[in-house]
Amino acid sequence: QYLKRIDVSFVELEGEDPGVMLMRIQTQHSLHIPFENLSVVMPGSAELSVELVDVYEKLVVNGRGGYCFEHTVLLYNVLKSLGFLVEIQASRVVLQPTIPSGFDSKLTHVFLLVVHPEDPTKQQYLVDVGFGGHGPIEPLKLQWDQSTISHGTEFVFRKVVINTDVIKKDKHFWNLTSRKFPHDSSEEPLVIYQFDIMREVTFDDIRQANFWVCKHPSSIFVNNLFVSGVIKNEDGLERISLW
């Protein structure tokens, strides 16, 4: 039923190259399942469930959208069932050209790292269907300084090295940046979020983060309505966001 929801048939995917299959699933998911937090901002709403059975009923059976935890839980299970190796990762949302000194944002966004065991290159991809406005519509190759041009946006991964005071060892973080394409040299990329590839997220981590995001009075998702979706136009795919 998930494939029907995103307008893809199993026959289309059968025997397909893993990279092409992943591209097809992410773009179709983005086209058909919107980003929204309506269940969070509704007055008197209960805690939003991120259990697979509830996410499936909401996003697939009932034709609703959701935010990052819901999208990620759903797609994690879909890709695992199709034979991909999948990890859930967490990030600190930045949405600024540079990371401010003393930046200490919470780990409130989740996405997927994906590789297919039959891919001879063992290429890892970042797959993010739950960010909304600035999120990629297709998989991004996970490599330092790797540039991906996708539907009018250039995404690049940048390395950040931080020396820790206690263990006296460099720690490497990844910054995902974006800017419109084509662009002029004066346009500064936006750091979308920062993450530590060595820290895999568990479902208990997701449950705890989701509780804070959907219930804490200072959460932006409690205090603001966010809606974002992808449409087809004459130039290809375009993301439309309202908030």
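Two strands are taken to pair if DSSP finds at least two bridges between them, and helices (H or I, at least four residues) and strands (E, at least two) are DSSP runs numbered from the N terminus. The structure is a predicted model, in which local features need pLDDT of at least 70 and side-chain atom pairs count only at pLDDT 80 or more, whereas totals for chains, interfaces and linings use all residues. Residues are numbered from 1 along each chain as its sequence is written, and side-chain values use heavy atoms, with hydrogens and water left out.

Strand β10 (residues 227–233) pairs with strand β1 (residues 35–36) in the antiparallel sense over 2 bridges, and within this pairing Glu 36 has Val 227 of β10 as its bridge partner. Strand β10 is also joined to strand β11 (residues 236–242) by 7 bridges, again in an antiparallel arrangement, and here Val 230 stands opposite Arg 239 of β11. The strands β10 and β11 form a hairpin with 2 residues between them.

Cavities were sought on a 1 Å grid over the protein atoms alone, a cavity being a set of points where a 1.4 Å probe fits but cannot get out, with lining residues having an atom within 4 Å of a point; grid points are joined across faces, edges and corners, and a volume is the space filled by probe spheres set on the points. The structure holds 2 cavities of 30 Å³ or more. The largest cavity contains about 70 Å³ of space and is lined by 15 residues, of which Ile 33, Phe 35, Val 129, Gly 132 and Arg 239 lie nearest its centre. The second largest cavity contains about 40 Å³ of space, and its lining includes Pro 18, Leu 22, Phe 84, His 116 and Tyr 125. Two or more residues of that lining are given by each of α3 (18–32) and β3 (107–115), with the largest share, 3 residues, coming from α3.

In helix α5 (residues 52–61), the buried residues (under 20% relative accessible area, 1.4 Å probe, protein chains only) are Val 55, Lys 58, Leu 59 and Val 60. These residues cover an arc of only 165° around the axis, which puts them on the same side of α5, the arc being that of the directions from the helix axis to the C-beta atoms. The buried residues of α5 pack against α1 (2–5), α4 (38–41) and α6 (68–81), where contact means heavy atoms within 4.5 Å. Helix α5 is followed by Gly 63, whose phi is positive, near 70°.

Terms used: Buried means under 20% relative accessible area, exposed over 50%, partly exposed in between (1.4 Å probe, protein chains only). On a 1 Å grid over the protein atoms alone, a cavity is a set of points where a 1.4 Å probe fits but cannot get out, and a pocket is an open set with protein on both sides within 12 Å along at least five of seven lines; lining residues have an atom within 4 Å of a point.
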